[in-house]
Amino acid sequence: MSIPTTQKAIVFESFGGPLLYKDISVPAPKPNELLVHIKYSGVCHSDLYAWKGDVPLPINLPLIGGHEGAGEVVAMGENVSDWKIGDLVGVKWLNSSCLTCEHCMNGRETVCPNADITGFTHDGTFQQYSTADAIQAAKFPKGTDLASAAPILCAGITVYKALKTADMIPGQWVAISGAAGGLGSLAVQYAKAMGYRVVGIDGGKEKGEFVKSLGAEAYVDYLSSKDVSNEVNTITEGGAHGVLNVSVSTSAMQQSLEYVRVAGTVVLVGLPAEATIKTSVFDAVIKTITIKGSAVGNRADTAEAIDFFNRGLVKCPIKIVGLSEIAQVYKLLEQGKILGRYVVDTSK
Ligand code: 8ID
Ligand code: ZN
């Protein structure tokens, strides 16, 4: 397989600065890394935050964003043993972790203090060739449709893990706030596949039809509803057993405390900058609600999330555009105009 010396990439040098579509060198893999020919990459709302510098995470400038890359292994470092040239591979948000700290030892590698993050501290997947730690890289079977698979690598893993974190049993209600977005549209399908009943919350009629087409039993339109909490409480006959907050709205997160069921769990996933939520201690104690944060997923979550995808239980609703069109995709994300996920084709 011939590897070029230069490639196309989207690079930014300052927060909110120009997203330059330019020719750069193809990186060389370190001894523990794969070199991946990225064919497609999903565009996550977190990429928009990274570009704007709107997130309290370490970011190395200049930077190539993107952390939902799907492609093919074209080279590897000398210490890599369990991959072959031509294998299909996913490059995800967690590029590598130390594997020796307290958190890594307990399967919480996503909170490793030495984690290297794709599209934040490690050049990401908005380029044709990226490097990825061979231990964390995700495996896809031969024949996988890489464009459809790409959003699983952040959105899919994240919502699957968040649903596990909500600690529900089949037949219970989960409310998904932000249900029509990249994470939300997958969350609806994972939740259904896991046996939960879904009430989706998002804005507008079109998003409602979309969310219902993915398997939600009910939809609450926050733009037209007089009282979102009351509607969710009525639909679920007493509140949702679990809530997944995958919107980018602080007020929606605050509101979720009003429609979580007694003894239910609110999971925080979306990351609006500087967001806080507040709860009355009395309510929290008497309702015995649990509020948990959830960030992406570990290697086991990754393999499990991909397995749902491989078995056809979740299908990413995607729209494909060229890598050079990232700036327009960011605009649409910012305006909340996207149904599902945009995926970029790195050849265009
Ligand atoms: O590991 C993590 N915790 C993780 C991983 C990946 C992404 C967290 N995230 C974060 C992102 O940084 C972002 O803050 O999850 C959030 C959602 O990411 P996304 O799905 O990529 O964003 P999107 O496609 O723009 O979807 C957001 C949806 O929220 C809706 C929008 O209409 C859109 O469909 N929304 C808004 I804006 N306000 C709402 C409201 N008040 C709302 N939905 C319900 N109620
Ligand atoms: Zn993401």
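Visitor: In which strand is the place of Ser 130, and is this residue buried or exposed?
Guide: This is a predicted model, and in it Ser 130 belongs to strand S8. Its relative accessibility is 1%, while the cut-off for a buried residue is under 20%. Ser 130, in strand S8, therefore counts as buried.

Visitor: Which residues does Ser 130 touch, if those up to four places away in sequence are not counted?
Guide: Once the residues up to four places away in sequence are set aside, the contacts of Ser 130 include Val 91 as well as Gly 124 and Thr 125. The rest of the list has lower residue numbers, and it is made up of Pro 27, Leu 34, Leu 35, Val 36 and Ile 38.

Visitor: Which residues are the protein donors of the zinc ion (ligand 2)?
Guide: The donor atoms lie 2.0 to 2.3 Å from the zinc ion (ligand 2), and they are SG atoms of cysteine and an NE2 atom of histidine. Along the chain these donors follow the spacing C-x22-H-x86-C. Read in that order, the protein donors are Cys 44, His 67 and Cys 154.

Visitor: How many residues apart are His 67 and Cys 154?
Guide: His 67 is found in the loop between helix H1 (45–52) and strand S4 (69–76), whereas Cys 154 is in the loop between helix H3 (146–149) and helix H4 (155–165). Both of these zinc donors are buried. The pair links distant parts of the chain, and the separation of His 67 and Cys 154 is 87 residues.

Visitor: Why is the pair of Trp 93 and Phe 120 edge-to-face?
Guide: The count of aromatic pairs comes to five. For Trp 93 and Phe 120 the ring centres are 6.2 Å apart and the planes stand at 70 degrees. Planes over 60 degrees apart count as edge-to-face, so the arrangement of Trp 93 and Phe 120 is edge-to-face.

Visitor: Are Trp 93 and Phe 120 buried or exposed?
Guide: Trp 93 has a relative accessibility of 14%, and Phe 120 has a relative accessible area of 2%. The cut-off is under 20%, so Trp 93 counts as buried, and Phe 120 too is buried.

Visitor: What kind of aromatic pair do Tyr 160 and Phe 308 form, and how many residues apart are they?
Guide: The rings of Tyr 160 and Phe 308 lie 5.4 Å centre to centre with 50 degrees between the planes, which is a tilted pair. Because Tyr 160 lies in helix H4 and Phe 308 in helix H10 (residues 299–310), the pair ties together parts of the chain distant by 148 residues.

Visitor: Which residues of H4 are buried?
Guide: Helix H4 is mostly covered, with nine of its 11 residues buried. Tyr 160 is one of them, and its partner Phe 308 is buried as well. The full list for H4 is Ala 155, Gly 156, Ile 157, Thr 158, Val 159, Tyr 160, Ala 162, Leu 163 and Thr 165.

Visitor: Why is strand S17 (residues 341–345) largely enclosed by the rest of the structure?
Guide: In a regular strand the side chains alternate between the two faces of the sheet. In S17, Arg 341, Val 343 and Asp 345 point one way and Tyr 342 and Val 344 the other way, and all are buried. Strand S17 is largely enclosed because the number of its five residues that are buried is five.

Visitor: What bridge partners in S17 do Tyr 40 and Lys 319 have?
Guide: Strand S3 (residues 33–42) pairs with S17 in the antiparallel sense over three bridges, while strand S16 (residues 318–322) runs parallel to S17 and is joined to it by five bridges. S16 and S17 also make a right-handed β-α-β unit with helix H11 (residues 326–334). For Tyr 40 the partner in S17 is Asp 345, and for Lys 319 the partner is Tyr 342.

Visitor: Over which ring does the charged end of Lys 139 sit, and over which that of Arg 311?
Guide: The charged end of Lys 139 is 4.2 Å from the centre of the ring over which it sits, which is that of Trp 83. For Arg 311 the distance to the ring centre is 5.3 Å, and the ring belongs to Phe 308.

Visitor: Where is Ala 263, and is this residue buried or exposed?
Guide: Ala 263 has a positive phi of about 70 degrees although it is not a glycine. Ala 263 lies in strand S14 (residues 260–268). Its relative accessible area is 54%, and the cut-off for this class is over 50%, so Ala 263 is exposed.

Definitions and conventions. Residues are numbered from 1 along each chain as its sequence is written. Chains are lettered from A and ligands numbered from 1 in the order in which they are written. This is a predicted model: local features need pLDDT of at least 70, side-chain atom pairs count only at pLDDT 80 or more; totals for chains, interfaces and linings use all residues. Side-chain values use heavy atoms; hydrogens and water are left out. Donors are N, O and S atoms within 2.8 Å of the metal (3.2 Å for Na, K and Ca); water is not among the atoms, so sites may look incomplete. Helices (H or I, at least four residues) and strands (E, at least two) are DSSP runs, numbered from the N terminus. Buried means under 20% relative accessible area, exposed over 50%, partly exposed in between (1.4 Å probe, protein chains only). Rings of Phe, Tyr and Trp (its six-membered ring) pair if their centres lie within 6.5 Å; planes under 30 degrees apart count as stacked, over 60 as edge-to-face and the rest as tilted. A charge sits over a ring if NZ of Lys or CZ of Arg is within 6 Å of the ring centre and within 35 degrees of the ring normal. Two strands pair if DSSP finds at least two bridges between them. A crossover is right-handed if, with the strands pointing away from the viewer, the path from the first strand over the helix to the second runs clockwise. Contact means heavy atoms within 4.5 Å.
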